[in-house]
Amino acid sequence: MQIENITISHHNRTVDAAYYKPDGEGSFPLVIFSHGYNGHKDDVAPSAKYFAKSGIGAVCFTFCGGSTRDLSGFLYCG
């Protein structure tokens, strides 16, 4: 399993995310996790790791401005 931290930019805002890639080559099914109220991408990391170890990719993100732990919510990306 590989974990890649990514930043998604759109309309001068950013979204902090992590991609959990299963070992191996080729295409994989993908699960997209979204957190609940005042949540964070790390809240669902244990589940994402479980899926990745089982051959299913996962992306976890923190909603823009959706958490007091949001690292990127309302930062401008240039």
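**Exercise 1. Find how strands β1 and β2 pair, and inspect the turn that joins them.**

*Solution.* Start with the ranges: β1 covers residues 2–10 and β2 covers residues 13–21. Strands here are DSSP runs of E with at least two residues, helices are runs of H or I with at least four, and both are numbered from the N terminus. Next, look at the bridges: β1 and β2 pair in the antiparallel sense over nine of them, where pairing requires that DSSP finds at least two bridges between two strands. As a check on the register, take Ile 8, whose bridge partner in β2 is Val 15. Finally, go to the turn: this hairpin has two residues between its strands, and His 11 takes a positive phi near 55°.

A word on the model: it is predicted, so local features need pLDDT of at least 70 and side-chain atom pairs count only at pLDDT 80 or more, while totals for chains, interfaces and linings use all residues. Residues are numbered from 1 along each chain as its sequence is written, and side-chain values use heavy atoms, with hydrogens and water left out.

**Exercise 2. Extend the pairing to β4 and write down the order of elements along the chain.**

*Solution.* Begin at β2 again: this strand also pairs with β4 (residues 57–61), in the antiparallel sense, over four bridges. Within that pairing, Tyr 19 stands opposite Val 59 in β4. Now count the elements: the chain has one helix and four strands. Reading along the sequence gives β-β-β-α-β.

**Exercise 3. Locate the salt bridge and say which parts of the chain the pair ties together.**

*Solution.* First apply the rule: a side-chain nitrogen of Lys or Arg must lie within 4 Å of a carboxyl oxygen of Asp or Glu. The count comes to one salt bridge. The partners are Asp 16 and Lys 41, with their closest N and O atoms 3.3 Å apart. Asp 16 lies in β2 and Lys 41 in the loop between β3 (30–34) and α1 (45–53), so the pair ties together parts that are 25 residues apart in sequence. Then check the surroundings: both Asp 16 and Lys 41 are buried. Buried means under 20% relative accessible area, exposed over 50%, and partly exposed in between, using a 1.4 Å probe and protein chains only.

**Exercise 4. Sort the residues of α1 into a buried side and an exposed side.**

*Solution.* Pick out the buried residues: Ala 45, Ala 48 and Ala 52. They cover an arc of only 60° around the axis, which puts them on the same side of α1; the arc is that of the directions from the helix axis to the C-beta atoms. An α-helix has 3.6 residues a turn, so residues three or four places apart point the same way. These buried residues pack against β2, β3 and β4. Turn to the other side and you meet Pro 46, Tyr 50 and Lys 53, which are exposed. After the helix comes Gly 55, with a positive phi near 90°.

**Exercise 5. Describe the geometry of the Tyr 50 and Phe 51 pair.**

*Solution.* Rings of Phe, Tyr and Trp (its six-membered ring) pair if their centres lie within 6.5 Å; planes under 30 degrees apart are stacked, over 60 edge-to-face, and the rest tilted. This gives two aromatic pairs. Tyr 50 and Phe 51 are edge-to-face, at 6.0 Å centre to centre and 80° between the planes. Tyr 50 has a relative accessible area of 58%, and Phe 51 is partly exposed at 26%. To finish, add Phe 33, which forms one aromatic cluster with Tyr 50 and Phe 51.

Note on methods. Contact = heavy atoms within 4.5 Å.
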